[in-house]
Amino acid sequence: MDNERPLLAAVLGNPISHSRSPRMHNYWLKKNKINGYYLPIKVELEDFERVIRSLIKMGFSGVNVTIPFKLSAMKIADECSDIAKYIGAANTLTFTKEEKIYADNTDAYGFINNIKSKYADWCPKKGASLVLGAGGASRAVIAALLSEGSDKIIVINRTIEKAEKLKIQFENKINVESWNDLNEIAASSTNIINTTSLGMNDESFIPINPESIPKDALVSDLVYVPLETNFLKMARNRESRTVDGLGMLIHQAIPGFKYWFGKTPISTEELRAILVK
Ligand code: NAP
């Protein structure tokens with residue numbers, strides 16, 4: 001152990017018991033022999049800012065925030081990264097020595113770096129990207145694709161109005177199509193990304209015809225329980241390249257760990273095995 005006073009960080013959410021972040025950060029703390037702790041904290045919406053201010057006073061280095069605090073986190077921050085501003089939400093707060101709050105969003109970084117760690121040659125500029133969903137995760141994926149130079153992004157969402165709002169937010173850099181045209185759009189896409197919660201716990205299905213998934217497409221699913229969703233299984237059976245959501249979860253956590261604990265952790269098979277338990 002290389003420091004005397006333990007370094008502290010946490011994840012704030014509501015609910016929070018399902019979060020895999022404590023397992024992940026505590027694994028990295030142990031692996032890197034860092035004297036520190038990462039705690040899950042359930043917080044009521046109205047208490048959010050008060051809890052953050054208390055954690056700063058207690059000497060915490062920073063926190064991750066999850067649903068429903070990603071927007072509130074931006075509001076209380078003294079400074080926000082460009083990508084957090086672009087996405088309009090933060091998931092990683094770092095507290096400075098002056099007790100200021102720096103807000104970042106690492107989901108876009110996690111999405112891109114996870115894919116590149118598996119397929120180094122992946123280039124989202126090639127061909128069209130179909131993004132299913134128009135929630136918070138979709139915003140991060142769209143920002144990530146745009147930052148990689150992708151100029152053909154099509155968003156399909158059950159509630160089309162939400163996708164239309166994203167089109168305005170992203171200054172018409174994306175196209176919106178109808179949920180009913182899913183098969184047709186998928187068939188001409190090079191990247192297909194599920195950012196909806198469909199497929200979670202095997203309880204629901206994306207209503208897509210397997211034949212519509214191009215064999216040369218890269219198919220990603222942000223859902224990570226189960227690890228191989230029915231959508232990814234379908235894509236694997238088509239011999240398409242697939243990327244699961246657990247990798248993104250791990251990669252989005254790397255910048256936070258570096259900010260708070262000073263070392264860049266790595267994604268390992270051992271960590272993945274711990275997280276799927
Ligand atoms: P969100 O803001 O609540 O958005 C949910 C999205 O799912 C919306 O587009 C919603 O469509 C769609 N949806 C939900 N139920 C549906 C149904 N029955 N049929 C069709 N569409 C449906 O949630 P989020 O924060 O974006 O998260 C979405 C998923 O991504 C979750 O499973 C989350 O765990 C996962 N995620 C993973 C990572 C990672 O690191 N791997 C990171 C972030 C999120 P409507 O607009 O029509 O309701």
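**Close-up views of a predicted model**

**View 1. Helix H6 and the largest pocket.** H6 gives the most to the lining of the largest pocket, chipping in five residues. Keep in mind that what you're looking at is a predicted model. The pocket itself has a volume of about 1,400 Å³. It has 46 lining residues, and the closest to its centre are Thr66, Ile67, Lys70, Ala137 and Met200. Want to trace the walls? Strand S3 (62–65), helix H3 (70–76), helix H6 (136–147) and helix H10 (245–261) each hand over at least two lining residues. Sorted by class, the lining comes out as 21 nonpolar, 19 polar and six charged residues.

**View 2. Two domains, and the pocket they both line.** The domain assignment splits the protein into domain 1 (7–105 + 248–275) and domain 2 (108–243). Notice that domain 1 is written as two stretches of the chain, 7–105 and 248–275. How far apart are the C-alpha centres of the two domains? They sit 26 Å apart. The domains do touch: 15 residues of domain 1 are in contact with 18 residues of domain 2. Go back to the largest pocket and you'll find at least three lining residues from each domain.

**View 3. The second largest pocket.** About 240 Å³ of space lies in this one. Its lining is made of 13 residues, and Phe60, Ser61, Phe95, Thr96 and Lys97 are the ones nearest its centre. Strand S5 (92–95) and H10 are the elements that give two or more residues to this lining. The class count here is six nonpolar, four polar and three charged.

**View 4. A cavity inside the model.** Rolling a probe the size of a water molecule over the atoms shows where empty space is left. Searching the whole structure turns up one cavity of 30 Å³ or more, and the largest cavity has a volume of about 40 Å³. To find the spot, look for Phe111, Asn114, Ile115, Ser220, Asp221, Leu222, Val243, Asp244, Gly245 and Met248, which line the cavity. Helix H5 (107–118), strand S11 (218–221) and H10 each give two or more of these residues, with H5 supplying the largest share, three. By class, the cavity lining has five nonpolar, three polar and two charged residues.

**View 5. Helix H1 packed against helix H11.** H1 (residues 21–31) and H11 (residues 269–276) pack at an angle of about 145°, and their axes are 10 Å apart. Is the crossing left-handed or right-handed? H1 passes H11 in a right-handed crossing. On the H1 side, the contact uses Arg23, Met24, Tyr27, Trp28 and Lys31, while H11 brings Glu270, Leu271, Ile274 and Leu275. These contact residues divide into six nonpolar, three charged and no polar.

**View 6. Three spots where the backbone does something unusual.** Most residues other than glycine have a negative phi, and most peptide bonds are trans. Now for the exceptions. Asparagine 14 and proline 15 are joined by a cis peptide bond, with omega about 10°, and proline 15 is in the loop between strand S1 (7–13) and H1. Another cis bond runs from valine 225 to proline 226, where omega is near 5°. You'll find proline 226 in the loop between S11 and helix H9 (230–237). Finally, asparagine 172 isn't a glycine, yet its phi is positive, at about 60°. Asparagine 172 lies in the loop between helix H7 (160–169) and strand S9 (175–177).

Terms used: Residues are numbered from 1 along each chain as its sequence is written. This is a predicted model: local features need pLDDT of at least 70, side-chain atom pairs count only at pLDDT 80 or more; totals for chains, interfaces and linings use all residues. Side-chain values use heavy atoms; hydrogens and water are left out. On a 1 Å grid over the protein atoms alone, a cavity is a set of points where a 1.4 Å probe fits but cannot get out, and a pocket is an open set with protein on both sides within 12 Å along at least five of seven lines; lining residues have an atom within 4 Å of a point. Grid points are joined across faces, edges and corners, and a volume is the space filled by probe spheres set on the points. Helices (H or I, at least four residues) and strands (E, at least two) are DSSP runs, numbered from the N terminus. Ala, Val, Leu, Ile, Met, Phe, Trp, Tyr, Cys and Pro count as nonpolar, Asp, Glu, Lys and Arg as charged, and the others, Gly among them, as polar. Domain bounds come from an automatic or database domain assignment. Axes are lines fitted to C-alpha atoms, for helices over the stretch in contact, and angles run from 0 to 180 degrees between N-to-C directions. A crossing is left-handed if the near helix is turned anticlockwise from the far one by less than a right angle, and right-handed if clockwise. Contact means heavy atoms within 4.5 Å.
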